[in-house]
Amino acid sequence: MAGTREWYEEIPSTQDRALELARRGGEEGTRVVARRQSRGRGRSDHSWESPTGGLYLSIVLGSPDAHAGLLPLALGAALAEELGERYTVPLAVKWPNDLLVAAHPGPSRKLAGLLIDRVPSPRLGTAAVAGIGLNVASERDRFPRELRDRVAVLSELREPPPGLDEVEAVVVDVALRTARSMRTPSGLNELRRVCRRRLFGVGRRASLDGRAAGTIVSVGDEGELWVEDRGERMAIRAGDLRVEEGA
Ligand code: BTN
C-alpha cells in the first residue's frame, strides 16, 4: 500500500502529526495511527474522546481544489457504504460527515467522526488530511457519562467482532479509492450517488447552529446540504446540524 505508516501507543493527535508529514511532502497514503490520543481533535474545535479500543487514524490524500467541498461528505458516505455492507450494519452519513448507526426504533448513535484539514504540500499541491475516529471495540464506560448512550461500538453490533487491524485496512482502502474517484468525472458522479443514497435524515426537520433550518431534501453536487422551508430551498455549506429524531 502506498505511503508510510506511523504507529503510536499514545500521541496527542494523529491529525497534527499527519499534517506535519503532509506539509513536509508525505505522499498520498502516508498515515498515522494511535491506540490512544491525549488531545484528539474533533470538528469545530471540539475535543475528541479517544479511549483504547477505537481506531484513530489520519491519512494524507492528494486533493485538487476542484470539488474539494465534496470530499468530507463523499468520504463519510463511502465509509458508510463499505463498512455498512461488510459488517451488515445500517450506516448513514449525517451531514457533513458523521457515521451514524441509524437504528429504528430509537435514536441514532454515532459510530465515527471525520475531520478533514487541507494544507499546502510540496508533493501534492494541496493535501487533504483525513482523520477518522471510529469506535471499533471501545469500552462504553471509558467515554464521559453524557456520551455513553450516544455512541455506537462496532464490536457490539457484529459477531465475531472485527479487529482493529482489519478495520484500519478497510478504512485506508476506502480513503484511497475515494481520493482517486474524486479526480475523475465518472468517479465524482458515483460518489455523489453514494452520498445521496447514504444521507441521514431525508424528510426530517433540522436546525443549524441552534436555529430551525427546514426539512432535509438531499445534497448537491459539491456536498452542500439542501433543505426546504415553506416551499423555499436553501443550500447549507457550513455549521453544526442537528436532525430531529422524534417519532
Ligand atoms: C468529529 O466528529 O468531530 C470529528 C472527529 C475526528 C477524530 C479523529 S481521531 C483521528 C484524528 N485525530 C484527531 O485528533 N482527530 C481525528
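**Exercise 1.** In this predicted model, where is the place of Asp45, and is the residue buried or exposed?

*Solution.* Start with the location: Asp45 sits in the loop between strand E2 (31-37) and E3. Next, look at the backbone: phi of Asp45 is near 60°, a positive value in a residue other than glycine. Finally, take the accessibility. Exposed means over 50% relative accessible area. Asp45 has 81% relative accessibility, so the residue counts as exposed.

**Exercise 2.** Now try Thr88: which loop holds this residue, and is Thr88 buried or exposed?

*Solution.* Thr88 belongs to the loop between helix H2 (71-87) and E4. Its phi is positive, about 50°, although Thr88 is not a glycine. With a relative accessible area of 64%, Thr88 is exposed.

**Exercise 3.** Find which residues a cis peptide bond joins to Pro96 and to Pro160.

*Solution.* Go first to the loop between strand E4 (91-94) and strand E5 (98-101), where Pro96 is found. The cis bond there joins Trp95 and Pro96, with omega about 5°. Then move to the loop between helix H3 (154-157) and helix H4 (164-181), which holds Pro160. Here the partner is Glu159, and omega is about 0°.

**Exercise 4.** Describe the surroundings of the ligand, working from the shell to single atoms.

*Solution.* Among the 20 residues around the ligand, Ser13, Gln37, Arg41, Arg43 and Lys110 come nearest. By class, the shell has six nonpolar, 10 polar and four charged residues. Strand E6 gives the largest share, four residues. At the atomic level, a polar backbone atom of Arg41 is 2.7 Å from a nitrogen atom of the ligand. The protein covers 98% of the 420 Å² of accessible area that the ligand has on its own.

Methods. Residues are numbered from 1 along each chain as its sequence is written. This is a predicted model: local features need pLDDT of at least 70, side-chain atom pairs count only at pLDDT 80 or more; totals for chains, interfaces and linings use all residues. Side-chain values use heavy atoms; hydrogens and water are left out. A residue is near a molecule or strand if one of its heavy atoms lies within 4 Å of it. A polar contact is a pair of N or O atoms within 3.5 Å; within protein, one must be able to donate a hydrogen and the other to accept it, and residues adjacent in sequence count only if both atoms are side-chain atoms. Accessible areas come from the Shrake-Rupley method with a 1.4 Å probe; for residues, only the protein chains shown count as cover. Helices (H or I, at least four residues) and strands (E, at least two) are DSSP runs, numbered from the N terminus. Ala, Val, Leu, Ile, Met, Phe, Trp, Tyr, Cys and Pro count as nonpolar, Asp, Glu, Lys and Arg as charged, and the others, Gly among them, as polar. Buried means under 20% relative accessible area, exposed over 50%, partly exposed in between (1.4 Å probe, protein chains only).
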